[in-house]
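Trainee: Please take one part of this model and go through it closely. I would like to know what holds the metal and how that part sits in the chain.

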Amino acid sequence: MYKFKLNDQVKITSGKDKGQTGKIIQLLPKMDKVVVEDKNLYTRHIKPAAGKPGSKTKLPRPIPTANIAIICPSCQKTTRIGFDITKKPKLRICRRCGQVIKSIK
Ligand SMILES: [Zn+2]
C-alpha cells in the first residue's frame with residue numbers, strides 16, 4: 001500500500017515551491033513521485049503545427065515523495081504516516097495525533 005493517495009493535501013519541503021501546499025492529482029509509485037496540482041510547474045512550448053499557432057502552457061512536473069510531507073486532516077500539521085496493520089485494509093495513521101488519515105475520494 002502506497003503512503004500517498006490521490007487528493008491528499010501535502011506540503012512541499014524542498015525545491016522552488018518549498019513551503020507551498022497542494023493536492024495530489026497523480027501518483028507515480030514506480031518513480032516514487034507524485035504530481036501536485038499547480039506545483040513545480042514548468043513551461044512547455046508547443047510548436048506551431050497544422051495551421052495552429054504555437055503556444056506556451058504550464059504543466060506540473062512530478063515531485064519526488066522525499067520532497068513532500070502529508071498534511072494530517074485532523075491536526076492540520078505535516079506528519080509522518082504510520083499504518084494500523086490490525087485493520088484490513090490497512091489504515092493510515094497520523095504519527096502526530098494518532099488519527100486515521102482518510103483518503104478523499
Ligand atoms: Zn494528525
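Mentor: In this predicted model, the zinc ion is coordinated by the SG atoms of Cys72, Cys75, Cys94 and Cys97, at 2.2 to 2.3 Å. The angles that these four donor atoms subtend around the zinc ion run from 104 to 116 degrees, which makes the arrangement tetrahedral, since that label requires all angles to lie between 85 and 135 degrees. For reference, the ideal angle for four tetrahedral donors is 109.5 degrees.

Along the chain, the donors are spaced as C-x2-C-x18-C-x2-C. Cys75 lies in the loop between strand S7 (68–71) and strand S8 (78–79), while Cys94 belongs to strand S10 (residues 91–94), so this pair ties together parts that are 19 residues apart in sequence. Cys75 is partly exposed, with a relative accessible area of 23%. Cys94 is buried, at 1%.

Cys94 also has a place in strand pairing: its bridge partner is Ile81. Strand S9 (residues 81–84) and S10 run antiparallel and are joined by four bridges. The two strands form a hairpin, with six residues between them.

S7, on the other side of the loop that holds Cys75, leads to the nonpolar core. The largest such core has 13 residues, and Phe4, Val10, Val34 and Ile68 have the most contacts inside it. S7 supplies at least two residues of this core, as do strand S1 (9–12) and strand S3 (33–36). Leaving aside residues up to four places away in sequence, Val34 touches several residues, including Phe4, Ile24, Leu27 and Ile68.

Conventions:
Residues are numbered from 1 along each chain as its sequence is written. This is a predicted model: local features need pLDDT of at least 70, side-chain atom pairs count only at pLDDT 80 or more; totals for chains, interfaces and linings use all residues. Side-chain values use heavy atoms; hydrogens and water are left out. Donors are N, O and S atoms within 2.8 Å of the metal (3.2 Å for Na, K and Ca); water is not among the atoms, so sites may look incomplete. Four donors count as tetrahedral if all angles lie between 85 and 135 degrees; four count as square planar and six as octahedral if opposite donors are over 155 degrees apart and all others between 65 and 115; anything else is irregular. Buried means under 20% relative accessible area, exposed over 50%, partly exposed in between (1.4 Å probe, protein chains only). A nonpolar core is a set of buried Ala, Val, Leu, Ile, Met, Phe, Trp, Tyr and Cys residues joined through side-chain atoms within 4.5 Å. Contact means heavy atoms within 4.5 Å. Two strands pair if DSSP finds at least two bridges between them.
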